[in-house]
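Please work through the exercises below with the sequence and the model at hand. Each task is followed by a stepwise solution.

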Amino acid sequence: QLNSLAVAAGLKYFGTAVGESAVSSDSAYMAIVNNKNELGQLVAENGQKWDATEPSRGTFSYTQGDIVPKVAKANGQYLRCHTLVWYSQLPNWVSSGSWTRATLQSVIETHISNVMGHYIGQCYAWDVVNEAIADDGTWRDSVFYKTFGTDYLALAFNAAKKADANTKLYYNDYNLEYNGAKTDRAVELVGIVKKAGAPIDGVGFQGHLIVGSTPSRSSLTTVLKRFTALNVEVAYTELDIRHSSLPASASALVTQGNDFASVVGSCVDTTGCVGVTVWGFTDKYSWVPNTFSGAGDALIYDKNFAKKAAWTSISSVL
Ligand code: XIL
C-alpha cells in the first residue's frame with residue numbers, strides 16, 4: 001500500500017486531495033480515503049480557499065473547510081492545508097476592491113490569522129502563497145501584486161508565522177518541474193522572502209503534468225535540489241498526469257505509469273522531499289477534464305476504483 005511503502009522509502013507520506021462532496025456521497029471512495037496505509041495525508045480540494053472561508057469581509061465560515069480535516073483527524077493522517085493567498089477562488093470583494101496598501105495588508109492579515117487560527121495544531125503544512133508567478137516567469141498580475149509588488153509575499157509569510165508557529169509554511173506553484181524561467185523566479189521568490197526576514201519552510205511542486213511530456217526522474221531531482229539547496233523542504237502537492245486525448249491506449253497507460261514513477265522517484269532521490277500528494281486518486285473525480293478540454297484519466301485508480309498501471313509503477317519506486 002502506497003503510504004506504507006512511501007514511509008519505508010523515507011518519505012513522510014503519500015497522500016491525496018479529497019473533494020468535499022464525495023465525503024458524504026461515495027462510500028467506495030471513502031473506503032480508500034480512510035485507509036491510512038494507502039493514503040497517509042489528506043488535503044481539502046476546495047474547502048479552505050478564500051471564497052469558502054471568508055466569502056464576505058470579516059465573515060468566516062468553516063463548514064466546507066472542516067470536512068476533510070475531520071476525516072484526516074479521525075484516521076490519524078497528516079493534513080496539508082490549502083491555501084491562503086491566491087488570485088483564484090478569491091472572492092470579488094478582494095479581487096475587485098480598490099485597496100491602499102494599508103487596508104489590503106490588514107485584510108490579508110485578518111484572513112490569515114482567522115483561518116490559520118481555526119485550524120491551529122491540525123496542519124502539517126500550509127500553502128501560504130499559491131501561484132504568484134505566471135508561466136513565462138513574470139510575476140502574476142494579481143490584486144496582491146498590483147497593490148504591493150512582491151512585498152505581499154513576506155507580509156503573508158510573517159502573518160502566517162504569527163498565526164501558527166508550528167506548521168510548515170509553503171510557497172506552492174505549478175510548472176516549476178520544467179526548470180525554466182518560472183522555476184528561476186520561484187528560486188528568486190524564496191530569496192526575496194528570506195531576505196525580508198520572513199519565514200518560509202517549503203516549496204510545493206503542484207505537478208500537474210502531461211503523459212509523455214513529464215521530465216525524467218533525474219531532471220526532476222535536479223529541480224528539487226535547486227530548492228533544498230536553499231534550506232527549504234519540497235513536496236509534490238497536487239500530482240496528476242493527464243492524457244491529452246482519450247481514451248488512453250494501452251501504451252499511453254504504461255507511459256503514464258513511467259511518468260508517475262519519475263515524479264515519485266525524484267522525491268525519493270531528494271533528501272528534503274517530504275512527500276507526494278496526488279490531486280485526487282480516482283479518475284471518477286478530477287478537476288482535469290473540466291479544465292483541460294479533451295484531457296483526462298490523470299490519476300492512479302480508474303473510475304471503478306481499480307488500480308491502474310500508474311499505481312503499480314509508483315509502488316515499484318517506493
Ligand atoms: C482546483 C480544484 O481541483 C477544482 O475542484 C476547483 O474547481 C478549481 O481548483 N491549483 C491549485 C488547486 O492550487 O487548488 C486547484 O484545484 C488546481 C490548480
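The exercises concern helix packing and the surroundings of the ligand.

This is a predicted model, in which local features need pLDDT of at least 70, side-chain atom pairs count only at pLDDT 80 or more, and totals for chains, interfaces and linings use all residues. Residues are numbered from 1 along each chain as its sequence is written.

**Exercise 1.** Determine how helix H12 and helix H14 pack.

Step 1. H12 spans residues 250–268 and H14 residues 309–317; helices are DSSP runs (H or I, at least four residues), numbered from the N terminus.

Step 2. Their axes lie 8 Å apart, at an angle of about 30°. Axes are lines fitted to C-alpha atoms over the stretch in contact, and angles run from 0 to 180 degrees between N-to-C directions.

Step 3. H12 is therefore roughly parallel to H14, the term for angles under 35 degrees.

Step 4. The contact (C-beta atoms, placed from the backbone, within 7 Å) includes Phe-260 and Val-264 of H12 and Ile-314 of H14. Its residues divide into ten nonpolar, seven polar and no charged.

**Exercise 2.** Identify the residues around the ligand and sort them by class.

Step 1. The surrounding residues are Glu-45, Asn-46, Asn-130, Gln-206, Glu-238 and Trp-287; for each, the C-beta atom, placed from the backbone, lies within 6 Å of the ligand.

Step 2. This shell has one nonpolar, three polar and two charged residues. Ala, Val, Leu, Ile, Met, Phe, Trp, Tyr, Cys and Pro count as nonpolar, Asp, Glu, Lys and Arg as charged, and the others, Gly among them, as polar.

How values were computed. Helices (H or I, at least four residues) and strands (E, at least two) are DSSP runs, numbered from the N terminus. Angles under 35 degrees count as roughly parallel, over 145 as roughly antiparallel, 65 to 115 as roughly perpendicular and the rest as oblique. Two residues are in contact if their C-beta atoms, placed from the backbone, lie within 7 Å.
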